[in-house]
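Please prepare a short briefing on a few local features of the structure shown here, grouped by topic.

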Amino acid sequence: MAAAGTGATDAGFLFLARDAGLQQAVSAFPEDLRFAVQTAAQLRNTLFSLDDATAEPWPPMVVRSAA
Amino acid sequence: MNASFPADDAARRQEKIPAHEPHWMTAAQIAAAYRARSLSPVELVQALVERIAGYDPQINAFVSLDADSALAQARLAQDEIAAGGWRGPLHGVPVGIKDLIDVAGQPTTCHSPIMAGHVAREDATVVRRLRAAGAIVLGKLSLHEFAIGGPNGDGFYPSARNPWNTRRQPGGSSSGSGAALAAGFLPLALGTDTGGSIRNPSGHCGVVGLKPTYGAVSRRGVFPLCFTLDHVGPMARSVEDLAEAMNALAGHDPGDPGSAPSRARDFAVDLERGVRGLRFGVVRHFHETDARASDEVIAAIDQAAETLRREGADVRDIQLPPLQQFTSAQRVIFHAESWAVHANWLRERPADYSSTARRKLMVGAFLGAGDYVQAQRWRTQLIDAVDSALRDVDVLIVANSFDPACEIGDEPEFVRTYGRHARSPFNLTGHPALALMCGLSGEGLPLSVQFVGRAHDEVTLLRAGAAFERAGQWSRCHPSLALCAA
């Protein structure tokens with residue numbers, strides 16, 4: 001994954017964007033892509049680590065009965 | 001500053017509208033007027049269509065208004081009611097539909113050129129249920145592009161504006177729903193809420209909005225933003241109307257894989273019970289220390305807590321995990337799922353999105369699978385934390401927006417303030433959340449509070465909301481469109 005602050009001309013950034021199939025956006029909207037990459041990096045950094053390595057993700061959303 | 005009662009300037013901006021003016025009637029008042037034969041559905045629809053024609057060019061609440069169809073539905077309702085076939089409190093009541101919800105035979109634009117040419121073949125379940133209750137579909141309402149964009153200059157459709165001050169943004173993404181209610185264009189609207197999109201415009205427009213429990217209201221026929229965060233719910237000018245809308249909307253739908261098993265309930269059953277005996281927990285750290293809301297918002301929430309105490313409630317502070325834990329997990333899931341929905345269009349037609357939507361929707365391309373799983377693991381723990389708090393109290397009191405609505409063209413202020421809120425935690429956890437007006441800022445803009453309840457206990461939430469509404473009387477405040485347009 002790209003590091004925070006990756007520029008639109010960096011090879012790593014371009015690889016990620018093209019790998020995601022966003023070639024058109026690389027050409028036409030590099031600033032929007034830079035914003036998206038930076039936001040993703042910031043978000044990953046705000047995720048807290050879990051002390052419990054066995055903590056379950058399942059179910060991803062609880063649909064609880066109202067019956 | 002006076003957040004609890006209208007300041008003099010703010011008071012001059014309000015109209016204390018007599019209830020007999022049909023455009024300010026609630027759905028319950030309309031139903032009473034129909035039964036008393038002092039108003040007919042055709043008269044009401046004609047009055048609303050005229051009002052929309054006069055004022056919506058300044059507000060942009062409607063994407064499309066189907067006046068002919070609405071009048072035909074009104075004539076049918078009028079005949080049915082006259083013949084003794086009253087279907088219930090929503091019979092003959094006009095409703096507006098956020099334009100990412102399908103209405104048969106009409107375009108679903110999602111406020112985006114991406115959807116050009118898309119015409120819905122059938123009604124979404126929520127529209128079908130409103131029609132079965134006798135409601136009149138008046139038109140499709142404006143939104144932020146795909147419920148994720150924002151008010152912007154490069155959007156395909158004009159952005160809705162706030163009737164309290166048309167230079168201000170109305171909140172979003174159900175921006176047209178909030179604006180139409182505040183402008184007196186209709187008494188009831190549908191919104192959707194993935195990170196707060198019912199409660200944000202409800203708050204900024206001074207109306208009420210309910211994000212129901214996840215799974216309580218069907219999403220079938222509603223264009224998705226994030227599968228595990230999306231909720232559909234009602235917006236109105238009174239809590240009673242929300243309850244009656246829920247009576248029509250709620251219930252299991254086998255066509256929605258996220259729909260909860262349910263039994264028939266009367267959501268209005270406890271509206272008159274008051275709050276004596278109810279326990280409220282103020283989640284003060286969300287808006288005072290985890291992030292700092294504006295002084296006016298903090299004062300308004302304190303005043304709301306005091307109002308509930310005065311009405312006989314037990315009100316105390318309560319602790320949840322830090323706000324950032326909720327918002328980080330919610331945002332990772334939000335971006336990952338919305339990217340999954342939009343990836344193909346972003347690859348092939350990026351120029352057809354507004355810049356705001358494009359930027360937000362591409363974030364998920366750069367998150368990893370592990371990030372998504374990690375956020376889901378957090379989610380299960382945060383759901384448990386809210387459930388635990390709601391064993392100690394019946395209702396949580398939580399800030400809505402941390403700031404009053406900013407100017408629509410002030411991009412830096414929009415970016416600074418739009419994410420400052422405490423709404424998305426309850427999209428993450430699925431608990432029901434009700435937005436209520438609780439004051440006016442010094443500039444005469446609505447301030448709002450959220451009540452949050454136990455999963456599938458909307459009845460208690462609406463009971464609390466109705467009592468607060470009676471005590472606060474904020475629902476009787478309306479913007480003066482003539483002043484706002486000046």
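Phe146(B) is buried in this predicted model, with a relative accessible area of 1% (buried means under 20% relative accessible area, exposed over 50%, partly exposed in between, with a 1.4 Å probe and protein chains only). Residues are numbered from 1 along each chain as its sequence is written, and chains are lettered from A and ligands numbered from 1 in the order in which they are written. The model is predicted, so local features need pLDDT of at least 70, side-chain atom pairs count only at pLDDT 80 or more, and totals for chains, interfaces and linings use all residues, while side-chain values use heavy atoms and leave out hydrogens and water.

**Backbone geometry**

- Phe146(B), in the loop between β4 and α6 of chain B, has a positive phi, near 50°, and is a residue other than glycine.
- Helices (H or I, at least four residues) and strands (E, at least two) are DSSP runs, numbered from the N terminus.
- Ser173(B) is found in the loop between β4 (136–141) and α6 (175–182) of chain B, and the peptide bond leading to Ser173(B) from Gly172(B) is cis, with omega near 15°.
- Arg37(B), in the loop between α2 (27–35) and α3 (41–59) of chain B, has a positive phi near 60°.
- Arg37(B) is exposed, at a relative accessible area of 64%.

**Surroundings of Val103(B)**

- Val103(B) lies in the loop between β3 (94–98) and α5 (125–132) of chain B.
- Val103(B) counts as buried because its relative accessibility is 0%.
- Leaving aside neighbours within four places in sequence, the residues in contact with Val103(B) include Ile97(B), Ala120(B), Val127(B) and Val137(B) (contact means heavy atoms within 4.5 Å).
- Charged side chains are also represented by name: Glu122(B), Asp123(B), Arg131(B) and Lys140(B) are among the contacts of Val103(B).
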